[in-house]
Structure formats: structure tokens, C-alpha cells
Amino acid sequence: MVFLAENIFLTLVGLYLTPFFVIVGIVIIPSILGIRLGLRKYYLRFLLRVFEFGRRQIEKACKDQGLQSNLVKPIEGEKLPVSQSSLIQKDSPRYFADVFKNNKKTEAGTPQEFDISHVCHLSKKGIEAIIDDDVTKCFSAEELGSWNLLTRSSKRYQYLSFRLTILWAVGCLFRIFVLFPVRAIVLVVAIVYMMISASIIGYLPESKFKTRISRYCLRTTYTLGSRAFSASLNYHNLENRAKGGGICVANHTTPVDVVFISSDNCYAFIGQRHTGFVGFIERLMSRSGSDHIWFDRSEMRDRQKVTNRLRAHVEDSNKFPMLIFPEGTCINNTSVMMFKKGSFEIGGVIYPLAMKYDPRFCDPFWNSSQDSFVRYLVKLMTSWSIVCDIWYMPPEYQRDGENAVTFANRVKEKIARQAGLVDLIWDGQLKRTTVKSSYREKEQEEYSKLLKGD
């Protein structure tokens with residue numbers, strides 16, 4: 001009896017592991033050889049059909065139960081709609097100024113004395129900022145206009161009908177017991193490959209041969225890393241790729257941005273020095289032959305060292321282009337926030353790069369205050385897939401008489417326009433720090449001008 005049970009167990013394990021390792025081989029071997037089989041294209045098409053089936057089931061269940069469905073049917077070939085609903089209806093700043101101008105004059109044209117009602121408009125703007133400000137929304141996932149069978153939506157669609165419950169449960173089992181193990185093994189293979197290749201490259205003398213080997217190993221490593229998330233990456237305008245000695249600047253959604261960008265071109269990185277798993281990856285990357293720059297944001301002395309090293313890097317055209325995320329923090333794939341001026345003060349050529357993730361298949365935004373990096377990776381690897389469009393844009397140069405801040409804003413505006421993102425003036429560090437007093441004083445000055453009638 002025990003022998004029979006053991007045979008049944010081994011048979012079940014074999015039935016599970018055989019296709020499992022076949023799938024792993026299909027993912028890993030083509031990545032090493034630089035071959036694309038095109039299977040992800042059919043996988044994504046199948047997912048879209050499943051999402052559409054789920055949407056129809058939700059509308060049917062809502063109709064049967066007398067509920068209102070707020071789902072939006074996506075147009076063929078376009079992104080899944082994002083919910084544009086706001087908590088409150090805001091008045092435009094122009095309307096706000098006109099109200100003050102109208103209230104400041106009487107019918108005879110003489111100045112009107114102060115009235116307590118004048119404060120209501122200021123109070124209204126303050127309450128609007130507390131309830132629904134533009135900055136806080138950039139650091140949380142937006143509600144989708146349709147359901148992608150993930151638990152991202154606040155509405156419990158999976159409990160509307162038995163069919164939806166079965167569909168959602170099968171999707172969960174598939175993502176957790178099929179996709180996640182395969183992706184985890186591929187990610188481990190990518191890390192081991194990086195460890196081995198970085199150790200070997202670190203002992204090679206500086207030469208063109210070392211550069212070629214380093215470039216090949218890095219591209220293979222990051223391609224394997226992108227396969228660990230079933231990433232479908234669409235690169236546009238390849239003729240505008242960053243070249244050696246230049247600075248590539250991009251909007252920032254997730255730390256995994258570097259993996260997807262580097263799957264097509266090799267870069268040196270500059271960023272915050274971390275501990276834990278992220279710090280381990282940073283140390284591995286530093287041994288791969290690339291001149292990465294890691295710094296401590298709280299150390300003032302590091303800033304000058306970083307500036308000097310970055311300037312020296314840009315002056316050497318034989319080195320990989322430097323990849324920088326000027327926002328300095330992750331934004332939720334809907335907006336581009338203020339670019340720090342540091343990378344635009346160095347001089348040289350700037351290569352803008354715009355990224356836009358498709359929200360139908362996962363939420364790529366990393367909320368570092370909510371999730372650790374390992375937990376965030378698990379979330380990504382248990383999502384359906386990652387689909388990202390990456391646009392290489394024509395190089396930009398600082399114009400005569402243009403300061404670094406204006407240059408940074410001009411590049412940011414072009415990136416936002418290309419990726420279809422909202423261009424915001426706010427500093428992304430506001431999610432970690434309080435508002436600077438200079439910002440408050442500027443707003444107070446504008447309001448005082450309205451009160452005076454200037």
C-alpha cells in the first residue's frame with residue numbers, strides 16, 4: 001500500500017515537473033541565444049479575450065442583480081481604460097481668480113470692503129487639496145476602467161457570479177502554481193548567470209575584448225531578467241539609442257525599469273545605495289565591468305563626488321552611456337514629476353527615453369513605503385505579464401542662455417508628451433518629506449495678490 005502511494009506521488013510529481021522544466025527550457029535557452037519565439041504575443045491575445053469574457057460576465061451579473069456596472073469596454077488595439085473619476089469636482093485656477101476680481105468691485109466701480117465670504121474660496125481650495133491632491137495620486141495605483149482578474153480593483157467582481165468566481169480562482173491557481181515557479185527559476189538563473197559572468201569579467205584586463213564580453217553578458221542577463229516577468233517590450237526609434245559618453249534620462253515607475261531598458265542596450269547606472277537584496281544586486285552589477293555610481297542621498301559629501309565621477313564618465317566616449325532617472329523616485333505610470341537639475345548641469349548630450357506600461361496586465365508601480373522589494377517582486381511575478389513601450393527620442397543639447405532647470409523641464413515635457421503622461425511640476429520627494437517653505441510662500445504670495453486685486 002505504501003509502495004503504491006509512493007508510485008502515485010512520484011507519477012504526479014513527474015507529470016507536474018516535466019512540462020514545468022520544458023517551459024523553463026523554452027524561456028532560458030532562447031534568451032541566452034538571443035532568439036524570440038513569439039509565444040508571448042499569442043499569450044497576450046488570449047489574456048485579452050479572457051478579460052473581455054470577464055467583462056461581459058460582470059455586466060450580465062450586474063444586470064441580473066439590478067446593479068450598475070461602471071466598466072468601460074476597451075477599444076480594439078488601445079490600452080485598457082483607466083478610471084478618470086475624481087473624488088470631487090474642482091474649479092479651475094482661472095475661475096478662482098475671476099471670482100475674486102468680480103467680488104472686489106461694486107456696481108459703482110469702487111473697491112468693496114472685505115467680506116467673510118471671500119475666505120470661502122480659499123477654504124474651498126484648501127479642502128480640495130486635502131481630499132484629492134495631484135501629488136498623492138501619483139503614489140498609488142489608479143482604479144482601472146475594467147477588470148483584469150487581479151485583486152487590484154476595489155470592487156469584488158469575483159463574487160458577483162459563480163462563473164466569475166471560477167474564472168478568478170483558475171487564474172489565481174495558474175499565476176501562483178504555474179507562472180510564479182517558472183519565473184522564480186528564471187530569475188534565479190539570471191542572478192546566478194550574473195554572479196558567474198561578473199566574477200569572470202572582473203578579472204579580465206581592460207581591453208576591447210573585455211568590453212565585448214561584458215556587453216554580451218549584460219544583455220543576456222537583463223534579457224533573462226525580463227523573461228522572469230514575461231515582459232513584452234516594444235522598442236521604438238532604435239536609431240536614437242544612447243551612445244557612449246552620453247546621459248540617458250527616463251521617467252521612473254519601478255526599479256525593474258533598468259532591466260527592461262538594458263535588455264536592448266548596455267548602460268552604466270547611477271542611483272541610491274541600498275541594503276538587503278537590492279544592495280546585493282548593486283554589488284553584483286558593480287563587478288560586471290560597468291562604471292556604476294552608487295551614492296548615499298543623505299551624505300552631502302557624496303553629491304560632489306557623484307558630480308565629479310559623472311562628469312569624468314561623460315567625457316569618456318568609450319564607456320557605456322549613463323542611465324539616470326531624474327525624478328529620483330518611482331511614480332505610478334500616470335505622470336512625470338520634477339526632474340532634478342543635477343544631471344543636466346554636467347554638459348554633453350542628453351538622450352531622452354520615455355516608458356509607458358500597459359495597465360491591463362499588471363500594476364508595475366513600486367510603493368516602497370508599503371512593500372519591501374522582495375514582496376514587490378513576488379507581486380510582479382504573480383501578475384499576468386508586463387507590457388511596456390519604450391521610445392528612444394532624438395538627443396537634446398542645452399541651448400545658449402538656457403539654465404539647467406529650464407533644460408530639465410524641456411526634456412521632461414517631451415518625455416511626458418511622448419508617453420502620454422501628465423507633466424507635473426512637483427518634486428517626487430514630497431512623498432517622503434514635507435513641502436518646502438518656499439512653495440508655501442509662493443502660494444501665499446499668489447493668494448495675497450488676488451486679495452489685493454493686483
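Seven strands, or 7 if you like digits, make up an open sheet here, running β1-β8-β7-β2-β5-β3-β4 with mixed pairing. At its edges sit β1 and β4 (293-295), each of which pairs on one side only. Going from one strand to the next, the twist averages 20 degrees. Keep in mind that this is a predicted model.

**The β1 edge**
- β1 pairs with β8 (residues 386-392) in the parallel sense, and 6 bridges link the two.
- In that pairing, Ala231 sits opposite Ile386 of β8.

**Asn240 and its surroundings**
- Follow the chain out of β1 (231-236) and you get to a loop that leads to β2 (247-250); Asn240 is in that loop.
- Asn240 has a relative accessible area of 15%, so it counts as buried, the cut-off being under 20%.
- Who does Asn240 touch, leaving aside its neighbours within four places in sequence? The contacts of Asn240 are Tyr351, Tyr392, Met393, Pro394 and Pro395.
- One of those contacts, Tyr392, is also the last residue in the β8 range, 386-392.

**Helix α6**
- α6 covers residues 208-227, which makes 20 residues.
- From first C-alpha to last, α6 reaches 29 Å, close to the 28 Å expected at 1.5 Å a residue.
- Which residues of α6 are buried? Lys210, Ser214, Cys217 and Leu218 are on the list, and so is the run Thr220, Thr221, Tyr222, Thr223, Leu224, Gly225, Ser226 and Arg227.

Terms used: Residues numbered from 1 in each chain as written. Predicted model: local features only at pLDDT ≥ 70, side-chain atom pairs only at ≥ 80, totals over all residues. Heavy atoms only, no water. Helix = DSSP H or I, 4+ residues; strand = E, 2+ residues; numbered from the N terminus. Buried < 20%, exposed > 50% of the residue type's maximum accessible area, 1.4 Å probe, protein only. Contact = heavy atoms within 4.5 Å. Expected span 1.5 Å × (residues − 1). Pairing = 2+ DSSP bridges. Axes fitted to C-alpha atoms, helices over the stretch in contact; angles between N-to-C directions.
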